[in-house]
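Let's take a relaxed walk through a protein model together. Keep the sequence and the 3D view open while you read.

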Amino acid sequence: KIIMNINPSTDGHLLVLPKEHMITINDTTNEVINHSVNIIRDKIYPLLKEKLNIEGLTISQNNNLGQEVKHLHFHLIPRYNDDNWSLTFNQESLKNIEEIFDKITN
């Protein structure tokens, strides 16, 4: 299912929701992920480029923290040269990149 986001980040912000109920990426199957990505790549992205003249597309998917809707879904955020959309974090609160890399790889 594809719906408009009720609180869009940019014009044309859509949500892609699989029909089967699942909450996080860990609850899903490769088939659901592949189908969702194929729909985004083959149908939605080209449609947004044609109809809204978007310059790019940011795809986002939250799990648990930050996930307001407790059903797996993908945000499709159309990008425009003048949209001023930003995904920023408090850089000062982030740990040393080497420390994080060591935790992940060891």
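## A walk through the model

Let's start with one side chain: that of N5 reaches the backbone nitrogen of N7 at 2.7 Å. Before going on, bear in mind that this is a predicted model.

Where does N5 sit? It is in the loop between β1 (2–4) and β2 (14–16). Is N5 buried or exposed? N5 counts as buried because its relative accessible area is 12%, and the cut-off for buried is under 20%. Leaving out residues up to four places away in sequence, N5 touches H13, L14, L15 and H75.

Now look at I3, which belongs to strand β1. I3 has 34% relative accessibility, so it counts as partly exposed. Which residues does I3 touch, if you skip those up to four places away in sequence? They are H13, L14, L15 and L17. For a sense of distance, try I3 and N64: they are 61 residues apart in sequence, and their C-alpha atoms are 21 Å apart in space.

Next stop is H21, in the loop between β2 and α1. H21 is exposed, because its relative accessible area is 57% and exposed means over 50%. Setting aside neighbours within four places in sequence, H21 is in contact with K70 and H71. With H71, the link is a polar contact from side chain to side chain, at 2.9 Å. As for K70, it lies 49 residues away from H21 along the chain, yet the two C-alpha atoms are separated by 9.2 Å.

Here are the three residues we've visited, side by side:

| Residue | Relative accessible area | Class |
|---|---|---|
| N5 | 12% | buried |
| I3 | 34% | partly exposed |
| H21 | 57% | exposed |

On to the helix. Helix α1 covers residues 30–52, and at I40 it bends by about 40 degrees. I40 is also one of the buried residues in α1, along with V32, S36, I44 and L48. What do the buried residues of α1 pack against? They pack against four strands: β1, β2, β3 (56–60) and β4 (74–79). Just after the helix, have a look at N53, which takes a positive phi of about 55 degrees.

While you're at α1, check K49 and Y45 too. The charged end of K49 sits over the ring of Y45, 5.2 Å from the centre of that ring. How many aromatic pairs turn up in a search of the whole structure? The count is zero.

Finally, the strands. β4 is mostly covered, with five of its six residues buried. β4 runs antiparallel to β2, and three bridges join them. One residue to look for here is L14, whose bridge partner in β4 is L76. You've met L14 already, as it is among the residues touched by N5 and by I3. β4 also runs antiparallel to β3, this time with five bridges between the two. On that side, G56 stands opposite R79 in β4.

If you're tracing this on screen, try following β4 from one partner to the other: β2 is joined to it by three bridges, and β3 by five. Then turn back to α1, whose buried residues pack against these strands and β1 as well.

Key: Residues numbered from 1 in each chain as written. Predicted model: local features only at pLDDT ≥ 70, side-chain atom pairs only at ≥ 80, totals over all residues. Heavy atoms only, no water. Phe/Tyr/Trp six-rings, centres within 6.5 Å; stacked < 30°, edge-to-face > 60°. Lys NZ or Arg CZ within 6 Å of the ring centre and 35° of its normal. Buried < 20%, exposed > 50% of the residue type's maximum accessible area, 1.4 Å probe, protein only. Polar contact = N/O pair within 3.5 Å; in protein donor to acceptor, adjacent residues only side chain to side chain. Contact = heavy atoms within 4.5 Å. Bend = angle between axes of the 7 residues up to and from the residue. Pairing = 2+ DSSP bridges.
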